[in-house]
Amino acid sequence: MKKIKILLASLSGSIIEWYDFYLYGTATGIVFTTLFFPNENPAVSILIAFATFGAGYAARPLGSIIFGHMGDRIGRKASLMITLIGMGGSSFLIGLLPTYAAVGILAPTMLVILRLIQGISLGGEWGGAVLLATENASKGVRGLFGSIPQLGVPIGLVLGTFSFTIINSFTTEAQFMAWGWRIPFLFSGVLIVLALWIRSSIEETPEFQQRKESGNIEKMPVLTLFRNNSKDMFRIIGLKLGDGFFNVFLMSFILVYATTYIGYSRDTALLALSLSCATMLITIPIVGYLSDFIGRKVIYISGLIGMLVLTIPYFIGISISTSTFFIMQIVLLGVVWAAIFATQGTFFSELFPANVRYTGLSLGYQIAAAIVGFGPMLWTAMAANYGPSPWVFGGFMIAALLVSLVLAIFSPDTRKVSHYDETVHEEEEVVSRVSAEPLLTTAAEVRE
């Protein structure tokens, strides 16, 4: 029961964090381009709106340093409570913002500030949620446990996009743009209270608690990270770039790409995204479970190769018909990308020792996220110059995927040897010393 509560705490916060984050991504292409960044040229409005979307990604490394420091020094639980408040609170306030028509430039300014708070909060949330699960797992089920918080991405996105779909179906276009879009953001207030209640009842992870009791806590985790483990931090950045760019396209920019450049309706694009996310709910835990038997590295490499092979067929297929759009979206996002993502939390966290694990895991991942977050700006410019060309967009994705594939091939197989094993050995040494102390005392008494 304790393990289930821990996994639920990890997942619940992750759902809300990603619900809020992708809610903004959905609203960017549907609402913000018109209400907060009006321009006579639609392409310019889209470009500016997605620049603010990218700003949220750019803020994530700062959040990883702030909350990574807190998580490695004070505790995983304390850090995760604050990230929830920051993320949920900023989303709730977005739902209350006046539009450009009402207050002018102040509207997009406030929107960008709240988006930055979202990014900073998410920068600390993901790594902490993963560690909450993996540091409470035994070696044989670490991959499965590490995949559970990853379910927050598809669940959060489905909730976000589904909420827009429901509101859109019960309102006219004018009503939706006037007040309907605000409801999903305001709903964050309800979700955040629920998640805080769940997380407040859990204990600190055993690995951090052990280091706290022994006094083995780093004063400046980020400095220790760069001094001793910078190679693995940069490894994570490269490993994440390939699937990261594709993920941002498949889960955010696809709404603009499919509606603006191919001609699908908004409902069709949202349905394709929802179906692929629903498929991820099946793929992620299954692959996480399998990774404990065949290894994270094998799955990661296989997934990257699968994405490489399917890249050009994906961009060709989604423009052929609605059915091929659905199929290609489900296969590439719901199955292939989901398999890669299922392993990332466990794979990446196993590269770092416990004293800098929160900082190292979060910073490497979020720097990559900051880079790929500006993908929509690049793709908007690419579409303006070349249209929805499968070869231009496909070539971009293939180049990024090749970088990740090369790094994955030369990465260690963490299922066999990881830094989590060091903690186990440390515990065994402590037990051995404690057990030996009475014997040493008795021997000394005999000599006397």
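**Exercise 1.** Over the face of which residue does Arg115 lie, and at what distance from the ring centre?

*Solution.* The model is predicted.
Step 1. The ring concerned belongs to Tyr24, and Arg115 lies over its face.
Step 2. The distance from Arg115 to the ring centre of Tyr24 is 4.3 Å.
Step 3. A further charge over a ring is found at Arg357, whose charged end sits 3.9 Å from the centre of the ring of Tyr420.

**Exercise 2.** Determine the setting of Leu114: its helix, its contacts, and whether it is buried or exposed.

*Solution.*
Step 1. Helix α6, which spans residues 106-134, contains Leu114.
Step 2. The relative accessible area of Leu114 is 9%. A residue counts as buried under 20%, so Leu114 is buried.
Step 3. When neighbours within four places in sequence are left aside, the contacts of Leu114 are Ser90, Leu93, Ile94 and Leu97.
Step 4. Between Leu114 and Gly56 the C-alpha to C-alpha distance is 8.9 Å, although 58 residues separate them in sequence.

**Exercise 3.** Classify the ring pair Phe246 and Phe315, and state which helices hold its two members.

*Solution.*
Step 1. The structure holds 32 aromatic pairs. In the pair of Phe246 and Phe315, the ring centres are 5.9 Å apart and the planes stand at 15°.
Step 2. Planes under 30 degrees apart count as stacked; the pair of Phe246 and Phe315 is therefore stacked.
Step 3. Phe246 belongs to helix α14 (residues 230-262) and Phe315 to helix α16 (residues 296-317), so the pair ties together parts 69 residues apart in sequence.
Step 4. Phe246 has 0% relative accessibility and counts as buried; Phe315 is likewise buried, with a relative accessible area of 1%.

**Exercise 4.** Classify the ring pair Trp337 and Phe341, and locate both residues along the chain.

*Solution.*
Step 1. The ring centres of Trp337 and Phe341 are 4.6 Å apart and their planes are at 15°, so this pair is stacked.
Step 2. Both residues lie in helix α17 (residues 322-349), with a separation of 4 residues, about one turn of the helix.
Step 3. Trp337 counts as buried at 1% relative accessibility, and Phe341 is buried with a relative accessible area of 1%.

**Exercise 5.** Which residues do ring pairs link into a cluster with Phe246 and Phe315?

*Solution.*
Step 1. The phenylalanines linked with Phe246 and Phe315 are Phe245, Phe249, Phe253, Phe393 and Phe396.
Step 2. The cluster also includes Tyr257, Tyr261, Tyr314 and Trp379.

Notes:
Residues are numbered from 1 along each chain as its sequence is written. This is a predicted model: local features need pLDDT of at least 70, side-chain atom pairs count only at pLDDT 80 or more; totals for chains, interfaces and linings use all residues. Side-chain values use heavy atoms; hydrogens and water are left out. Buried means under 20% relative accessible area, exposed over 50%, partly exposed in between (1.4 Å probe, protein chains only). Contact means heavy atoms within 4.5 Å. Rings of Phe, Tyr and Trp (its six-membered ring) pair if their centres lie within 6.5 Å; planes under 30 degrees apart count as stacked, over 60 as edge-to-face and the rest as tilted. A charge sits over a ring if NZ of Lys or CZ of Arg is within 6 Å of the ring centre and within 35 degrees of the ring normal.
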